[in-house]
Amino acid sequence: MRIVLASASPSRLAILQAAGVTPIVHPADLDEDALLATVCDAPAETQILTLSQAKAETVAAEHPTDVVIGCDSMLHLDGQLQGKPLTIDNTIARWKQQRGRTAELVTGHCIIAPHNSQRVLQAATTTVTFGQVSDADIEAYARTGEPLHCAGAFTLEALGGWFIDSIHGDPSNVIGLSLPLVRKALYQFGHNVSECWIR
């Protein structure tokens, strides 16, 4: 059984590789901003799942015999969804807003079984508590470039790990893909996780 990852995220790829899977990486070609604009008034989870579903469905059309995983992650803070900051200035502003606070990292998953026979559309939420990070460290972290393309402007598994005081819930979800959620989907499809492992 082959897994197709409908994402260019190096963190999602790393999660799967560390878990014994070498997926086919096929990022979905979507205008995410235009798609989000169509659901901007919907609840946060609906927005995230809409993106995840669009990614998976776009890629599944080209991989009908494989399991396709589409994901999207955002930080939910103060009633607002925060995706990738993209610039150093945005990253610094985000961190000054979120340091010392607790937020939710929400990752939407759309997992499509071979031949589009079944699908799981579900979000996983992990609570993240940010440390009281100094201005100097915030600026230094932003200037590394690491958080610019990460939901919530941080990574858990690399330099950003210094600045996370605690998480409550699934750690793989914070990195961008919930292994427990994917495991349950595979079981629902009638597959075992071990069928995906590198032999």
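## Asp 72 and its surroundings

UniProt, in an unreviewed entry, places the feature "active site" at Asp 72. The structure discussed here is a predicted model. Asp 72 belongs to strand β3. With a relative accessible area of 6%, Asp 72 falls under the 20% limit and is therefore buried. Beyond its neighbours within four places in sequence, Asp 72 is in contact with Arg 12, Glu 32, Ile 48, Leu 51, Ser 52, Lys 55, Val 106, Thr 107 and Gly 108.

**Strands β3, β5 and β6**

Strand β3 covers residues 67–77 and pairs with β5 in the antiparallel sense, over nine bridges. Within this pairing, Cys 71 stands opposite His 109 of β5. Strand β5, residues 102–112, is mostly covered, with nine of its eleven residues buried. Strand β5 is also joined to strand β6 (residues 119–130) by eleven bridges, and these two strands run antiparallel. One of the paired positions links Ala 103 to Val 128 in β6. The hairpin of β5 and β6 has six residues between the strands, and His 115 in this hairpin takes a positive phi near 60°.

**Helix α3**

Helix α3 spans residues 44–60, 17 residues in total, and reaches 24 Å from its first C-alpha to its last, close to the 24 Å expected at 1.5 Å a residue. Its buried residues are Gln 47, Ile 48, Leu 49, Thr 50, Leu 51, Ser 52, Ala 54, Lys 55, Ala 56, Val 59 and Ala 60. Among these, Ile 48, Leu 51, Ser 52 and Lys 55 are in contact with Asp 72. The cover over the buried residues of α3 includes β1 (3–5), α2 (32–37), β3, β4 (80–82), β5 and β6.

**Loop residues**

Most residues other than glycine have a negative phi. Leu 86 has a positive phi of about 70° although it is not a glycine, and Ala 153, likewise not a glycine, has a positive phi near 65°. The table sets out three loop residues.

| Residue | Loop between | Relative accessible area |
|---|---|---|
| Ala 19 | α1 (10–18) and β2 (24–25) | 26%, partly exposed |
| Leu 86 | β4 and α4 (88–98) | 49%, partly exposed |
| Ala 153 | α5 (135–144) and β7 (164–168) | 0%, buried |

Ala 19 and Trp 197 are 178 residues apart in sequence, but their C-alpha atoms lie 7.7 Å apart in space. Outside its neighbours within four places in sequence, Ala 19 is in contact with Leu 179 and Trp 197.

**Nonpolar cores**

The largest nonpolar core contains 19 residues, and Ile 3, Ile 69, Ile 111, Leu 177, Val 182, Leu 186 and Phe 189 have the most contacts inside it. At least two residues of this core come from each of β1, α1, β3, β6 and α7 (179–188). Helix α7 gives the most to this core, with four residues. For Leu 186, leaving aside neighbours within four places in sequence, the contacts are Met 1, Ile 3, Val 67, His 191, Val 193 and Cys 196. Apart from the largest core lies another of 17 residues, including Leu 77, Tyr 141, Phe 163 and Val 174.

Notes
Residues are numbered from 1 along each chain as its sequence is written. This is a predicted model: local features need pLDDT of at least 70, side-chain atom pairs count only at pLDDT 80 or more; totals for chains, interfaces and linings use all residues. Side-chain values use heavy atoms; hydrogens and water are left out. Buried means under 20% relative accessible area, exposed over 50%, partly exposed in between (1.4 Å probe, protein chains only). Two strands pair if DSSP finds at least two bridges between them. The expected span of a helix is 1.5 Å times one less than its number of residues. Contact means heavy atoms within 4.5 Å. UniProt positions are given in the numbering used here, feature names are shortened, and annotations may be inferred rather than shown by experiment. A nonpolar core is a set of buried Ala, Val, Leu, Ile, Met, Phe, Trp, Tyr and Cys residues joined through side-chain atoms within 4.5 Å.
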